[in-house]
Amino acid sequence: MRAAYADPPYLGCGAKHYGDRHDEAAAYDSPDAHRLLIERLCDEYDSWALSLHEPSLRTILTMCPDDVRVGAWIKPFASFKANVTRAWAWEPVIFRFARPRTREQDTWRDFVSEPITMRRGFPGAKPDKFCFWLFEGLNLTPEDEFHDLFPGSGAVGEAWQKWKNRMAPVQLELVGSNRWRNRPAEKG
Ligand SMILES: C[S@@+](CC[C@H](N)C(=O)[O-])C[C@H]1O[C@@H](n2cnc3c(N)ncnc32)[C@H](O)[C@@H]1O
């Protein structure tokens with residue numbers, strides 16, 4: 001299965017938050033860039049997830065196919081500002097699922113609760129727990145092809161590697177006549 005996670009600059013936040021990091025960040029201040037991104041996700045991937053902020057949910061959801069589902073990243077610690085008296089402490093995540101979950105698997109919840117991370121000072125870096133929730137929601141397996149379309153700090157790609165290692169069956173190798181040890185996971 002081909003799967004992707006898209007974490008673009010949120011609508012209206014391109015130039016403001018990422019103008020100094022990417023020459024074309026301002027494109028994401030227009031709904032057109034988000035429409036094109038959703039078309040690309042639908043054309044190129046079996047299954048995908050897209051992050052956005054709550055103020056853009058009304059606009060972006062109408063650009064998505066009917067079979068998407070909205071999950072929530074709830075942020076017990078979010079950045080509070082003096083002039084914002086009703087905090088935005090959650091973010092929508094739009095999912096397009098492909099692989100059904102079986103009854104033998106744990107029931108996936110459509111929310112995750114995890115504080116924001118200020119990883120390497122990169123705005124919008126996603127915490128591991130958020131990423132694992134995403135992979136489980138999409139019901140990925142370590143053999144799947146997974147693309148992180150907006151890597152930023154690289155946090156999502158690193159979480160994918162951690163998650164794949166965690167999911168891989170433990171490989172033991174015999175050392176000496178009767179002693180076993182974990183075989184180191186192969187890279188890649
Ligand atoms: C929300 S951040 C991604 C954060 C990432 N998921 C993480 O965990 O660190 C959005 C990223 O998109 C990049 N970006 C901005 N404009 C872009 C464009 N037009 N095309 C591709 N990437 C862009 C930004 O520089 C930034 O790295």
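How do the residues of the lining of the largest pocket divide into nonpolar, polar and charged? In this predicted model, the lining of the largest pocket comprises 25 nonpolar, ten polar and ten charged residues. The space within this pocket amounts to about 1400 Å³. Its lining is made up of 45 residues, and those nearest the centre of the pocket are Tyr-10, His-17, Tyr-18, Pro-123 and Gly-124. At least two lining residues come from each of helix H1 (14-18), strand S4 (90-96) and helix H5 (155-167). Of the elements that supply the lining, H1 gives the most, with three residues.

The surroundings of the ligand were examined next. The ligand is surrounded by 19 residues, and the closest are Asp-7, Tyr-18, Glu-24, Lys-126 and Ser-153. Nitrogen atoms of the ligand take part in several of the short distances, as the following cases show. An N or O atom in the side chain of Asp-7 lies 2.6 Å from a nitrogen atom of the ligand. For Glu-24, a polar backbone atom is found 3.0 Å from a ligand nitrogen. In the case of His-22, a polar side-chain atom is 3.4 Å from a nitrogen atom of the ligand.

Asp-7 was then considered in its protein setting. This residue is placed in the loop between strand S1 (2-6) and H1. Asp-7 counts as buried because its relative accessible area is 14%, and the cut-off for burial is under 20%. The side chain of Asp-7 forms a polar contact of 2.9 Å with the side chain of Lys-126. A polar contact of 3.5 Å links the side chain of Asp-7 to that of Tyr-10. When neighbours within four places in sequence are set aside, the contacts of Asp-7 are with Ser-51, Gly-124, Lys-126 and Phe-150. Lys-126 is thus both one of the residues closest to the ligand and a polar contact partner of Asp-7.

Enclosed space was also assessed. Rolling a probe the size of a water molecule over the atoms shows where empty space is left. One cavity of 30 Å³ or more was counted. The largest cavity has a volume of about 40 Å³. Its lining consists of Pro-8, Pro-9, Tyr-10, Leu-11, His-34, Leu-50, Ser-51, Leu-52 and Ile-60. Seven of these lining residues are nonpolar and two are polar, while none is charged. Tyr-10 therefore appears in the lining of this cavity, and Tyr-10 also lies among the residues nearest the centre of the largest pocket.

Helix H4 (128-138) and the residue that follows it were analysed together. H4 is mostly covered, with eight of its eleven residues buried. The buried residues are Phe-130, Cys-131, Phe-132, Trp-133, Leu-134, Phe-135, Gly-137 and Leu-138. Just after H4, a positive phi of about 55° is found at Asn-139. Most residues other than glycine have a negative phi, and most peptide bonds are trans. Asn-139 has its positive phi although it is not a glycine. Asn-139 occupies the loop between H4 and strand S6 (145-148). With a relative accessibility of 7%, Asn-139 is classed as buried.

Trp-108 provides a link to H4. Trp-108 is located in the loop between S4 and strand S5 (111-113). This residue counts as buried because its relative accessibility is 16%. The side chain of Trp-108 reaches the backbone oxygen of Trp-133 at a distance of 3.0 Å. Leaving out residues up to four places away in sequence, Trp-108 touches Phe-95, Phe-97, Arg-101, Trp-133, Glu-136 and Gly-137. Trp-133 and Gly-137, two of these partners, are among the buried residues of H4. Trp-108 and Ser-56 are 52 residues apart along the chain, and their C-alpha atoms are separated by 25 Å.

A further buried position is Cys-64, with a relative accessible area of 9%. Cys-64 belongs to the loop between helix H3 (57-61) and strand S3 (69-74). Beyond residues up to four places away in sequence, Cys-64 touches Ile-38, Trp-48 and Ile-94. Cys-64 and Glu-39 are separated by 25 residues in sequence, and the distance between their C-alpha atoms is 8.3 Å.

How values were computed. Residues are numbered from 1 along each chain as its sequence is written. This is a predicted model: local features need pLDDT of at least 70, side-chain atom pairs count only at pLDDT 80 or more; totals for chains, interfaces and linings use all residues. Side-chain values use heavy atoms; hydrogens and water are left out. On a 1 Å grid over the protein atoms alone, a cavity is a set of points where a 1.4 Å probe fits but cannot get out, and a pocket is an open set with protein on both sides within 12 Å along at least five of seven lines; lining residues have an atom within 4 Å of a point. Grid points are joined across faces, edges and corners, and a volume is the space filled by probe spheres set on the points. Ala, Val, Leu, Ile, Met, Phe, Trp, Tyr, Cys and Pro count as nonpolar, Asp, Glu, Lys and Arg as charged, and the others, Gly among them, as polar. Helices (H or I, at least four residues) and strands (E, at least two) are DSSP runs, numbered from the N terminus. Buried means under 20% relative accessible area, exposed over 50%, partly exposed in between (1.4 Å probe, protein chains only). Contact means heavy atoms within 4.5 Å. A residue is near a molecule or strand if one of its heavy atoms lies within 4 Å of it. A polar contact is a pair of N or O atoms within 3.5 Å; within protein, one must be able to donate a hydrogen and the other to accept it, and residues adjacent in sequence count only if both atoms are side-chain atoms.
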